[in-house]
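Subject: Handover of a structure and findings

Dear colleague,

Please find below the structure that I am handing over to you. My findings follow it, and I would be grateful if you read them with the coordinates open.

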Amino acid sequence: MTTFALVHGAYGRGAYWAPLVAELEARGHRALAPDLPIEDRDATFDDYAAAVGPCDHVVGHSMGGVTAALVAGRRGVPVTYVAAVVPRPGRPLTEVLSEAIA
């Protein structure tokens, strides 16, 4: 059994992952879909990563890709990106975002 952490994007909610949570659980896995503290304007990506529970694999959607990368790197777990912003080491997020929309 694998525990998946499903990370939503900006302005999202963990509940958006409900269909995938149900499918993963039907296949014998565990799935967590936390709500990130997006309402806290002072929250950082570190705060977002702290909101993600223990997992064996992290999945990030949209801006959740940044949080997923932090979780994966810190915990040594695999990461999957779903239409996500993929950070580049040493590059500012604003630069990565500008390339994504160009």
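Thr3 is found in strand E1. The model is a predicted one, and in it Thr3 is buried, with a relative accessible area of 10%. Not counting residues up to four places away in sequence, Thr3 touches Arg30, Leu32, Pro54, Cys55, Asp56 and His57.

Overall fold

The chain holds four helices and four strands. Their order along the sequence is β-α-β-α-β-α-β-α. The radius of gyration is 13 Å, close to the 13 Å that the globule rule gives for 102 residues, so the chain is as compact as a globular protein of that length. Along the principal axes, the C-alpha trace spans about 40 × 25 × 25 Å.

Of the 102 residues, 34% count as buried. The exposed surface of the chain comes to about 6,000 Å², and carbon and sulfur atoms supply 56% of that area. If one takes the contacts between residues at least 6 apart in sequence, 41% of them join residues at least 24 apart. As for charge, the chain has 8 positive and 11 negative side chains, and the centres of these two sets lie 4 Å apart.

Nonpolar cores

In soluble globular proteins, nonpolar side chains tend to be buried together. Which residues touch the most other members of the largest nonpolar core here? They are Val52, Cys55, Val58 and Val71, in a core of 13 residues. Strand E1 (3-7), helix H2 (45-50) and helix H3 (64-75) are the elements that give two or more residues to this core. H3 provides the largest share, three residues. A second, separate core has seven residues, among them Leu6, Trp17, Val21 and Val59.

Val52 deserves a separate entry. Leaving aside its neighbours within four places in sequence, Val52 is in contact with Ala5, Val7, Pro34, Leu36, Thr67, Val71 and Arg75.

One of these partners, Thr67, has its place in helix H3. Thr67 is buried, with a relative accessible area of 0%. Residues up to four places away in sequence again left out, Thr67 touches Val7, Leu36, Phe45, Tyr48, Ala49 and Val52. Val7 and Leu36 are thus listed as contacts of Thr67 and also as contacts of Val52.

Loop positions

Val77 lies in the loop between H3 and E4. Is Val77 buried or exposed? With a relative accessible area of 15%, Val77 is buried, because the cut-off for that class is under 20%. Beyond residues up to four places away in sequence, Val77 touches Cys55, Asp56, His57, Val58, Val71 and Ala72. Cys55, Val58 and Val71 from that list were named above among the core residues that touch the most other members. Cys55, Asp56 and His57 are also contacts of Thr3. From Val77 to Ala26, the C-alpha to C-alpha separation is 22 Å, and the two residues are 51 apart in sequence.

Ala10 is placed in another loop, the one between E1 and helix H1 (18-26). At 43% relative accessibility, Ala10 counts as partly exposed. Ala10 and His57 are 47 residues apart along the chain, and 20 Å separates their C-alpha atoms.

Backbone angles to check

Most residues other than glycine have a negative phi, and most peptide bonds are trans. Two entries should be read against that background.

- Ser62 is not a glycine, although its phi is positive at about 55°. Ser62 lies in strand E3 (residues 57-62) and is partly exposed, with a relative accessible area of 27%.
- Ala83 likewise has a positive phi, about 45°, without being a glycine. Ala83 has its place in strand E4 (residues 79-84) and is exposed, with a relative accessible area of 66%.

With kind regards

Definitions and conventions
Residues numbered from 1 in each chain as written. Predicted model: local features only at pLDDT ≥ 70, side-chain atom pairs only at ≥ 80, totals over all residues. Heavy atoms only, no water. Rg over C-alpha atoms; globule rule 2.2 N^0.38 Å. Buried < 20%, exposed > 50% of the residue type's maximum accessible area, 1.4 Å probe, protein only. Contact = heavy atoms within 4.5 Å. Areas by Shrake-Rupley, 256 points an atom, 1.4 Å probe, with all protein chains shown as cover. Lys, Arg positive; Asp, Glu negative; His and termini not counted. Charge placed at Lys NZ, Arg CZ, Asp CG, Glu CD. Core = buried A, V, L, I, M, F, W, Y, C linked by side-chain atoms within 4.5 Å.
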